[in-house]
Amino acid sequence: MRALLDYLHTYFLSEPQLLFRCGLAPGRLAALQSEGRAPLPSYKVRCAGAVTSYFGEQALDGELAWYPQAMAEWLIEAEHADAATLRARFERRYRAELARLAEQGLPTVESIGGLDEEWAHFLAGAYGVCTRHGRAEQIAAKGAMVALIDRLTERQTRPALPEPELALLRRAVDLLDEAEAWFAPHERAASSRARCVDGVRRQYLGGGA
């Protein structure tokens with residue numbers, strides 16, 4: 001529990017911190033979420049236990065919600081736009097990032113499920129878990145680089161790659177490393193970071209995790 005809380009305190013905003021930063025009341029945040037204008041929390045920690053102090057022991061039971069850092073800037077936009085407008089902005093930013101990567105010689109593909117699925121995952125809080133800050137650009141880069149790494153290595157089953165492909169693989173892994181979250185301690189072993197960054201570096205690029 002301590003390692004998880006340290007991770008959340010370091011990389012995320014608690015719901016009270018988020019509300020304070022944006023000047024929102026809890027009810028307003030809940031309304032934006034129910035209207036499909038703001039993501040749900042990326043993590044919820046349910047707490048049951050006791051606290052002891054000079055005043056004695058008191059039972060505790062509650063839930064803490066945590067959001068990615070970019071949630072604060074998103075909420076500022078969400079206050080002044082409807083869900084359809086926000087969905088369109090998300091798509092523009094997502095596609096612009098794919099275009100930018102393609103211009104840099106990094107082949108990209110759109111998510112198999114399309115932008116509707118990406119938007120749904122975004123609203124569910126999923127991309128706050130697996131990207132560094134939860135921004136649309138990082139979401140696009142993460143998906144595209146995981147797909148490229150898996151294609152080049154055939155999901156890490158190719159025994160070796162020729163030098164031109166190794167150079168492309170190195171660029172893809174470095175970019176994914178920048179876009180992806182570190183992941184919570186209990187998630188790291190099963191994460192795409194463990195497989196596509198740490199594992200690929202060990203297997204193909206001569207680097208440790």
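**Group meeting: a sheet, a helix and a lone cysteine**

Okay, let's start with helix α2, residues 15-22, which lies across β1 and β3 and runs at about 90° to β1. Before I go on, keep in mind that this is a predicted model.

So what is that helix lying across? β1 and β3 belong to an open sheet of three strands, and the order is β1-β3-β2, with antiparallel pairing. Now, which strands stand at the edges? Those are β1, residues 12-14, and β2, residues 43-53. Each of them has a single partner strand, so one side of each is left without a neighbour in the sheet. As for the twist, it averages 35° from one strand to the next.

Let's go through the pairings. How many bridges join β2 to β3? There are 11, and the two strands run antiparallel, with β3 covering residues 56-68. If you want to find that pairing on your screen, look for T52, whose bridge partner in β3 is E57. S53 is another handle, and it stands opposite G56 in β3. Between β2 and β3 you'll see a hairpin, which joins them through two residues.

On to β1. This strand pairs with β3 over three bridges, again in the antiparallel sense. The residue to click on here is S14, which has W66 in β3 as its bridge partner. One thing to remember while you're looking at strands: in a regular strand, side chains alternate between the two faces of the sheet.

Now let's leave the sheet and go to helix α8, residues 136-153, where we find L152. Is L152 buried or exposed? It's buried, because its relative accessible area is 4%, and the cut-off for buried is under 20%. And what does L152 touch? Leaving out residues up to four places away in sequence, L152 touches R158, L161, E165, L168 and L169. Take L169 from that list: it sits 17 residues from L152 along the chain, and the C-alpha atoms of the two are separated by 7.1 Å.

Last stop, the cysteines. A disulfide is a covalent bond between the sulfur atoms of two cysteines. How many disulfides does the structure hold? Zero. Take C130 as an example: the closest cysteine sulfur is in C196, and it is 12 Å away from the sulfur of C130, so that's too far for a bond. For comparison, the cut-off is within 2.5 Å. C130 also counts as buried, at 12% relative accessibility.

That's my tour, so over to you for questions.

Terms used:
Residues numbered from 1 in each chain as written. Predicted model: local features only at pLDDT ≥ 70, side-chain atom pairs only at ≥ 80, totals over all residues. Heavy atoms only, no water. Pairing = 2+ DSSP bridges. Helix = DSSP H or I, 4+ residues; strand = E, 2+ residues; numbered from the N terminus. Axes fitted to C-alpha atoms, helices over the stretch in contact; angles between N-to-C directions. Contact = heavy atoms within 4.5 Å. Buried < 20%, exposed > 50% of the residue type's maximum accessible area, 1.4 Å probe, protein only.
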